[in-house]
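Please open the structure in your viewer and keep the selection panel within reach. The stops below say what to select next and what is to be found there.

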Amino acid sequence: MQPLTSSPAYQALQDAYERLRHIPMRELFAADATRFERFSCAAAGLFLDYSKNRLDASSLDALLALARERGVVEARADMFAGAVINRTEQRAVLHTALRNRSGAPVLAGGRDVMPEVLEVLARMAAFVADVRQGRWTGYTGEAISDVVNIGIGGSDLGPLMVCEALRPYGHARLNLHFVSNVDGAQLTEVLRRVRAQSTLFVIASKTFTTQETLTNARSARAWLLAAGALPEHVARHFVAVSTNAEKVAAFGIDTRNMFGFWEWVGGRYSLWSAIGLPIALYTGMDNFEQLLAGAHAMDQHFRDAPLENNLPVLLAMLGIWYVNFFGTSSQGVAPYCQYLHRLPAYLQQLEMESNGKSVQMDGKPVEYPTCPVIWGEPGTNGQHAFFQLLHQGTALIPVDFIAPLRAHHALAEHQLLLLANCFAQTEALMRGKTPAEVRAELSAQGLSGEALETLLPHKVFGGNRPSNTLLMDALTPQTLGALIALYEHKTFVQGVVWGVNSFDQWGVELGKQLAGKIEQELRSGQIGAHDASTAGLMRKTLAALG
């Protein structure tokens, strides 16, 4: 395969960029009355309007040609076939099997993984029913009222985001809490709000060795015992999502209450597995399976739809367009739905841990930009915070706007205002406001002369700032599943085009290794060989801790 930047499609895109870079989107809309219809499509309960982007039909064709040249079609087939596409770890990538609703076998290493997947789902369903119906009780016989998930990274961000998004589906008795930070303040604050007699802890750690997770879990167990529970009661209040039965048992958890998953499930792609146990506990197994069904519908669309109408491919290639040709270094995410307030944080891990790489699959250095910084907040809050930068800042920052058309509440006026703001922001980013328009506006307000000329440049909006708008009829478990899977596949496509492995994360290792060494030195009080800054910080720490 040719290097990315010397491929024919890349060269065609460079020419398209030079042609389009100075053309306002206003003109593109004025020249084509059907632009909205031509640059929008729908699948799996989601509607994507990508007409407010700085592209035309020929540049879109070139983007899709680039996807084909870079092997997206073949890589997609390999992933669904269970090929070893995570080559640095020699693993298949089959999170799609976790939500396979078709009944068809899914092979990994020539073996059908679906019987094991379905067996874990059945065990989850039985456990969830016991907890939600009050049959699973704490050591005093009380029904469970609070579930505390202790994990980190993919074992926290995914379940937390989904539970927040699906609050309208939550169980009336159960309260969900999430602890991930090794900063004891987070665990302390959660434990203040729960009662030992009715709290269930879900410890999510594949190897049951993750330092932050096990530190929090041990402190939670000590809290339970200090409240009056006996060691044999630990098994009534702790369950595990792990594959290390020996360490789970040593902790005091009955391995019959250990829910496993597989090496072909990456952490940030794991909420569909037993890592999603908190989701199932909170929303019910039926809703968890609807979440899986929505993701499966997006999987089928991604696998089967032509690239021209393929939502994940279109989102991915638009991102490539801006990062590699317009030089953008960040991507905004603005959900116009308070229930999706943790979605930007979830997408930060999904995209930046997957594609934040500077080495290609073949070990050669990447010679072009890869993953942008992903960031954002709920929409109307953002309008009074960072949207100033989006509209008039010096950086070009594409934004994904996400909104359900119907709300779960009865405040119709609020929903109308919310959507009006969402659509207005996309229009404002695209249109901007010209000096002539500002002049006319200020003149109509009675301003003239030097006062008008002084104020005028501050009220000009350059416009021509791109956005995508993703709509769904309502935020349901099914549409949420489709939305998450959409971004998973977008991330995969971009990794293929950039030539990086989207499924390893070696970049998290060095900090862990050094933290272990520094921890031991702080415990012993003997500082070893470090740079002057690190050694100085450690001395200050030892002095402060006595």
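## A loop to begin with

Start by selecting Asn 464, which lies in the loop between H21 and strand S13 (467-474). The model on your screen is a predicted one, and in it the phi of Asn 464 is near 60°, a positive value in a residue other than glycine. Is Asn 464 buried or exposed? With a relative accessibility of 12%, Asn 464 counts as buried, because the cut-off for that word is under 20% relative accessible area.

Now move to Ala 44, in the loop between strand S1 (40-43) and strand S2 (46-49). Ala 44 also has a positive phi, of about 55°, although it is not a glycine. Its relative accessibility is 27%, and Ala 44 therefore counts as partly exposed.

## Two helix pairs

Select helix H1 (residues 8-20) together with helix H15 (residues 311-326), and turn the view until both axes can be followed; they pack at an angle of about 80°, with the axes 11 Å apart. H1 and H15 are therefore roughly perpendicular to each other. On the side of H1 the contact is made by Tyr 10, Leu 13, Gln 14, Ala 16, Tyr 17 and Leu 20, and on the side of H15 by Trp 321, Asn 324, Phe 325 and Phe 326. Sorted by class, this contact of H1 with H15 holds 8 nonpolar and 2 polar residues, and no charged ones.

Next, show helix H5 (residues 72-80) with H14, which pack at an angle of about 140° and have their axes 10 Å apart. The pair H5 and H14 is therefore oblique. Here Arg 76, Met 79 and Phe 80 in H5 meet Asp 299, Phe 302 and Arg 303 in H14, and the residues of this contact divide into 3 nonpolar, no polar and 3 charged.

## From Asp 299 to the salt bridges

Keep Asp 299 selected and add Arg 99, for these two form a salt bridge in which the closest N and O atoms are 2.7 Å apart. The pair links distant parts of the chain, with Asp 299 in helix H14 (residues 285-304) and Arg 99 in the loop between helix H6 (95-98) and strand S3 (107-108), 200 residues apart. Both Asp 299 and Arg 99 are buried.

How many salt bridges does a search of the whole structure find? The search finds 24 of them, and a few others are worth selecting in turn. In one, the side chains of Glu 453 and Arg 439 meet at 2.4 Å, N to O; Glu 453 sits in helix H21 (residues 449-455) and Arg 439 in helix H20 (residues 435-444), and the two are 14 residues apart. Glu 453 counts as partly exposed at 42% relative accessibility, and Arg 439 is likewise partly exposed, with a relative accessible area of 36%.

In another, the side chains of Glu 441 and Lys 433 meet at 2.9 Å, N to O. Glu 441 is partly exposed, with a relative accessible area of 28%, and Lys 433 counts as partly exposed at 24%. Finally, select Arg 26, Arg 431 and Glu 437 as a group, since these residues are linked in a network of salt bridges.

## Around Trp 272

Go now to Trp 272, in the loop between strand S9 (258-259) and helix H13 (277-283). This residue is buried, with a relative accessible area of 1%. Leaving aside residues up to four places away in sequence, Trp 272 touches several others, among them His 95, Leu 98, Arg 99, Phe 288, Leu 291 and Glu 488. If you add Thr 96, you will find a residue that is 176 residues from Trp 272 in sequence and 8.6 Å from it in space, C-alpha to C-alpha.

## The nonpolar cores

For the last stop, select Met 124, Trp 264, Leu 277, Trp 321, Leu 480 and Leu 483, which, of the 129 residues in the largest nonpolar core, touch the most other members. The largest share of this core, 13 residues, comes from H15. Around Leu 480, and again not counting residues up to four places away in sequence, the residues touched are Met 161, Val 162, Ala 165, Leu 166, Leu 291, Leu 340 and Leu 475. A second, separate core has 23 residues, including Val 194, Ala 229, Ile 253 and Met 258.

How values were computed: Residues are numbered from 1 along each chain as its sequence is written. This is a predicted model: local features need pLDDT of at least 70, side-chain atom pairs count only at pLDDT 80 or more; totals for chains, interfaces and linings use all residues. Side-chain values use heavy atoms; hydrogens and water are left out. Axes are lines fitted to C-alpha atoms, for helices over the stretch in contact, and angles run from 0 to 180 degrees between N-to-C directions. Helices (H or I, at least four residues) and strands (E, at least two) are DSSP runs, numbered from the N terminus. Angles under 35 degrees count as roughly parallel, over 145 as roughly antiparallel, 65 to 115 as roughly perpendicular and the rest as oblique. Contact means heavy atoms within 4.5 Å. Ala, Val, Leu, Ile, Met, Phe, Trp, Tyr, Cys and Pro count as nonpolar, Asp, Glu, Lys and Arg as charged, and the others, Gly among them, as polar. A salt bridge is a side-chain nitrogen of Lys or Arg within 4 Å of a carboxyl oxygen of Asp or Glu. Buried means under 20% relative accessible area, exposed over 50%, partly exposed in between (1.4 Å probe, protein chains only). A nonpolar core is a set of buried Ala, Val, Leu, Ile, Met, Phe, Trp, Tyr and Cys residues joined through side-chain atoms within 4.5 Å.
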